[in-house]
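Reader: I'd like to learn how to read a protein model without getting lost in it. Can you walk me through one, feature by feature?

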Amino acid sequence: MKRRDFAAALTVGVAAPVLLSATPARAADRSATGLLPHMRAVLASELDDKNTAEALIPLVYDVGFDWHPETAPPADCDFVVAYAFGNRPPAGGGDPAKVRYEPGPVNEQLADTVAKVRARRDVPVYAQWEIARFLDSKYGMSDVTSIEPVIAPDGTITYLSTDGVAAQVLEDRKKAPGGIGTACVIGFRDHHKRCVQTTRDRGMKAYAPHGFAMPHTYDTESGQAWTRRRDLYLVHDMLAQWQVLHAKQIAEAYPNG
């Protein structure tokens, strides 16, 4: 019975982001309706350990029940960072390890979002190459730094992770005359929170642009299987969040190893 109660609580929490308005305030409202106390009580009973439940539930809630990054007005940002989502297999075929994938329709939508933000705030843009291609071909946008994949001497292509993109952006921003500054982060709706978190984890101030909706339609023809369906992607994203939290928790508990 306890397991069924906990499963019911999880179901309510997972459904909430779909049914409620996509704002951080509403996410906070959900936690105040009794979900967090219920989760704590059920897990404490299941584990027979109140202290461990108290430690775990905020993490479980953060990873699985809050998908809304903190926002700020575009006027407060000094640069834009746009993270790609999915792609399409090479149009002409060939060895996918050495033939670059196509950007795909989702990244065109992300480029459209960048253009809307850029129209409000004319600042430098750092865009993963799939997005940068559209910023050039569709918008002729200037002051765009394309974050490219790494190509080995033998032609093998290594596509950058979200963290890999953030690392390259940080290195370039360190050279900016006014300092690193604050990032306005653009990303696919279900990837967006992690994009902001990853940018911050690299030492940059980062926010989602307030008042701008992010693309949210999945591409069933994506070259990345986990970006074709929402249920598959959310598991993928939660796994990535847990991996980061795992490392942070260990480092905090045992800073000297």
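Author: What follows is a tour that goes from the overall fold to the sheet, the helices, some single residues and the empty spaces. Keep in mind that this is a predicted model.

Reader: Let's start broad. How many helices and strands does the protein have?

Author: The protein has eight helices and eight strands. Of its 257 residues, 42% count as buried. As for how the chain folds back on itself, take contacts between residues at least 6 apart in sequence: 68% of them join residues at least 24 apart.

Reader: Now the sheet. In which order do the strands of the open sheet come, and is the pairing parallel or antiparallel?

Author: The general idea is that strands of a sheet pair through backbone hydrogen bonds, either parallel or antiparallel. Here, six strands make an open sheet, and reading across gives β1-β8-β7-β2-β3-β4, with parallel pairing. At the edges sit β1 (71–72) and β4 (144–147), each of which pairs on one side only.

Reader: What joins β2 to β7?

Author: Four bridges do, between residues 79–82 of β2 and residues 182–186 of β7. To pick out one of these partners, go to Phe-79 and look across to Ala-183 in β7. With β3, strand β2 pairs in the parallel sense over three bridges. There, Ala-82 stands opposite Ala-127 of β3.

Reader: Which way do the side chains of β2 point, and are they buried or exposed?

Author: Phe-79 and Val-81 point one way, while Val-80 and Ala-82 point the other way. All of them are buried.

Reader: Next, the helices. Which strands does α4 touch?

Author: When a helix packs on a sheet, ask two things: what does it touch, and at what angle does it run? Helix α4 (residues 105–120) touches β2, β3 (125–128), β4, β7 and β8 (205–209) as it packs on the sheet. The direction of α4 makes about 140 degrees with that of β7.

Helix α5 (residues 129–137) lies across β2, β3 and β4, and runs at about 120 degrees to β3.

Reader: Which residues of α5 are buried, and what do they pack against?

Author: The buried residues of α5 are Trp-129, Glu-130, Ile-131, Ala-132, Phe-134 and Leu-135. They pack against β2, α4, β3 and β4.

Reader: How do I read burial for a single residue? Why does Thr-113 count as buried?

Author: Look at its relative accessibility and compare that with the cut-off. Thr-113 counts as buried because its relative accessibility is 5%, and buried means under 20%. Thr-113 is found in helix α4. Leaving aside neighbours within four places in sequence, Thr-113 is in contact with Ile-186, Ala-213, Met-214 and Pro-215.

Reader: And His-191: where is it found, and why does it count as buried?

Author: His-191 is in the loop between β7 and α7 (192–201). With a relative accessibility of 4%, His-191 therefore counts as buried. Not counting residues up to four places away in sequence, His-191 touches Tyr-83, Ala-84, Phe-85, Thr-162, Tyr-233 and Asp-237.

Reader: Last topic, the empty spaces. What volume does the largest pocket have, and which residues are closest to its centre?

Author: For any space, go through its volume, then its lining, then the classes of residue in that lining. The largest pocket has a volume of about 570 Å³. It is lined by 25 residues, and the closest to its centre are Leu-160, Ser-161, Thr-162, Gln-224 and Trp-226. α6 (162–173), α7 and α8 (230–253) each supply at least two lining residues, and α8 gives the most, with four. By class, the lining has ten nonpolar, eleven polar and four charged residues.

Reader: How many cavities of 30 Å³ or more does the structure hold?

Author: Two. The largest cavity has about 40 Å³ of space, and its lining divides into eight nonpolar residues, one polar and one charged. β7 supplies the largest share of that lining, three residues. Among the lining residues are Ala-183, which we met opposite Phe-79, and Tyr-207.

The second largest cavity has about 30 Å³ of space. Its lining has four nonpolar, six polar and one charged residues, including Phe-85, Asn-107 and Asp-219.

Conventions: Residues numbered from 1 in each chain as written. Predicted model: local features only at pLDDT ≥ 70, side-chain atom pairs only at ≥ 80, totals over all residues. Heavy atoms only, no water. Pairing = 2+ DSSP bridges. Contact = heavy atoms within 4.5 Å. Axes fitted to C-alpha atoms, helices over the stretch in contact; angles between N-to-C directions. 1 Å grid on protein atoms, 1.4 Å probe; cavity = no way out; pocket = protein on both sides within 12 Å on 5 of 7 lines; lining within 4 Å. Points joined across faces, edges and corners; volume = space filled by probe spheres on them. Nonpolar A, V, L, I, M, F, W, Y, C, P; charged D, E, K, R; others polar. Buried < 20%, exposed > 50% of the residue type's maximum accessible area, 1.4 Å probe, protein only.
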